[in-house]
Amino acid sequence: MSLSIHRGDLLPGRNYIGRWCDAEEGRRFDVTDPATDAVVASVPDSGAADARAALDAAHAAFATWRAVPAKQRAQILKRWNDLIVAHQEDLGRLISREQGKPLAEGRGEVTYAASYVEWFAEEATRANGDVIPAPVVGRRMFALKEPVGVVAVITPWNFPAAMIARKIAPALAAGCTVVAKPAEDTPLTSLALVKLAEEAGVPAGVLNIVTASRQRAAEVVDVWLDDPRVRKVSFTGSTPVGKHLARRSADTLKKLSLELGGNAPFIVFDDTDLDAAVDGLMAGKFRNGGQTCVSPNRVFVQAGVHDRFVEKLGARIVALKVGPASDEGSQIGPMINAKAVDKIERHVNDAVDSGARVVVGGQRLAALGANFFAPTLLVGADATMACSCEETFGPIVAVTRFETEEQVIAAANGTPFGLAAYFYSQDVSRIWRIADALETGLVGVNEGALAAEAAPFGGVKESGYGREGSVHGLDDYMSLKYVCQGNLR
Ligand code: ADP
């Protein structure tokens, strides 16, 4: 099946380990379009030998890459940014085809991915250390920033361009070299980005990527986790896999950035602008069909505005257009795979069995394809339901009515997760009270779409640690070396 992109060579269909190559054992696996389950391409199904080869290459390249002046590394990253922007249409189509998001969102993701590359190109030249006033005579004291070494990058499928770009860009900016394994559902966009990085002048060995099926993912990643030459792991994905990576890298005490699952509360207080709250929820919830880690998962609405809010929201959800990414009018695409749809269906059924009521949707849209699910509005949700305890990762809004501020804060924080939270209020004292009380790494106040390359993105509690983007994002890829020169006269 044609992927209808202009530059066919953006689909190398191979690993990149200093050069484009097949997996040592020659195995491959299929990549499918979630809208139809049709096979669109195949990529190498790599194993331990390929992981080792990638690591050898990254380790060998580190000494040279770290010595490249920051300005030169920045120029290469700027060229990479320019190439990503120039290929927005092709990359957007690849994203939408393998991941399923509407084409407008696919194009938007390319811009978003590029914004991190541009940001870290600029930050590369500002990795200043400290000159420390010495407490005694005859000393000069410095804190120097150094690249940590080889970084293993493991990414999920929901943002095939952005997730990998916002890990690779700071790693390269810091002077680290990279071994990467993209998600098995969406390897094509990552390979295309690496192709453009090669074109931008990233030297051979500095950025290596191997693809693997779900069955062989652990075989590849375990090689990296067990090897002391990998000094950092940067992972975005589920909390169970994140915990496994932390445990397995404990023996070699690697630095870790873990951006894991969320269970975002979205709170609407009585004193709010209801239309703005509905807009914010629509933007935050239905982006990528609800398949984002910052997607509002539990919606709490105060009793005084509950019914009006539900009415307004229902009217908006009914109007959403569901369809394949290839249809320019689609606002909600297919879910990533059958497992994802099964989970969504389980959550809806469980909520209804426990007393929630379906206002809109509530079922699969089998006529469109096996992976489509109707945008759904449920009312009468409570904390015991699966849709409140687990991240649904789908187009489901489950509304819980609440009475008091104390009650809703306890409910919002009553989860092991702490990535994003949102609330709508016009009361300035309440705004700061609630922003302080929420146990999350990100808080949207009267805002449903938070992410920006200039802001620190990351969680607390079991949503992980480390920050991506912002002036803090580069530090995650660097270590501090204290240099003390004594006996100066
Ligand atoms: P999801 O459930 O959204 O697919 P995962 O956390 O399972 O999220 O997957 C995120 C990334 O982690 C993917 O690249 C996947 O291949 C990888 N992965 C999954 N299981 C393992 C594992 N046991 N070891 C290493 N990587 C894994």
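Begin by selecting helix α4, residues 103-124, in this predicted model: the helix has 22 residues and reaches 32 Å from its first C-alpha to its last, which is close to the 32 Å expected at 1.5 Å a residue. If you then display the surroundings of α4, you will find that 16 of its 22 residues are buried, that is, under 20% relative accessible area, so the helix is largely enclosed by the rest of the structure.

Next, move to the open sheet made of 3 strands, whose order is β5-β6-β22 and whose pairing is antiparallel. Select β5 (130-132) and β22 (478-485) to see the edge strands, each of which pairs on one side only. Looking across the sheet, you can follow a twist that averages 25° from one strand to the next.

Staying in this sheet, select β5 together with β6, residues 140-147, where the two strands pair in the antiparallel sense over 3 bridges. To find the register of this pairing, pick D130, which stands opposite A143 in β6.

Finally, go to strand β3, residues 28-32, and strand β4, residues 39-44, which pair in the antiparallel sense over 5 bridges. Here D30 is a useful residue to label, as a partner to S42 in β4, which it stands opposite. Then trace the chain from β3 into β4: the two strands form a hairpin with 6 residues between them, and D37, which lies in the turn, has a positive phi of about 65°. While side chains are on display, keep in mind that in a regular strand they alternate between the two faces of the sheet.

Methods
Residues are numbered from 1 along each chain as its sequence is written. This is a predicted model: local features need pLDDT of at least 70, side-chain atom pairs count only at pLDDT 80 or more; totals for chains, interfaces and linings use all residues. Side-chain values use heavy atoms; hydrogens and water are left out. Two strands pair if DSSP finds at least two bridges between them. Helices (H or I, at least four residues) and strands (E, at least two) are DSSP runs, numbered from the N terminus. The expected span of a helix is 1.5 Å times one less than its number of residues. Buried means under 20% relative accessible area, exposed over 50%, partly exposed in between (1.4 Å probe, protein chains only). Axes are lines fitted to C-alpha atoms, for helices over the stretch in contact, and angles run from 0 to 180 degrees between N-to-C directions.
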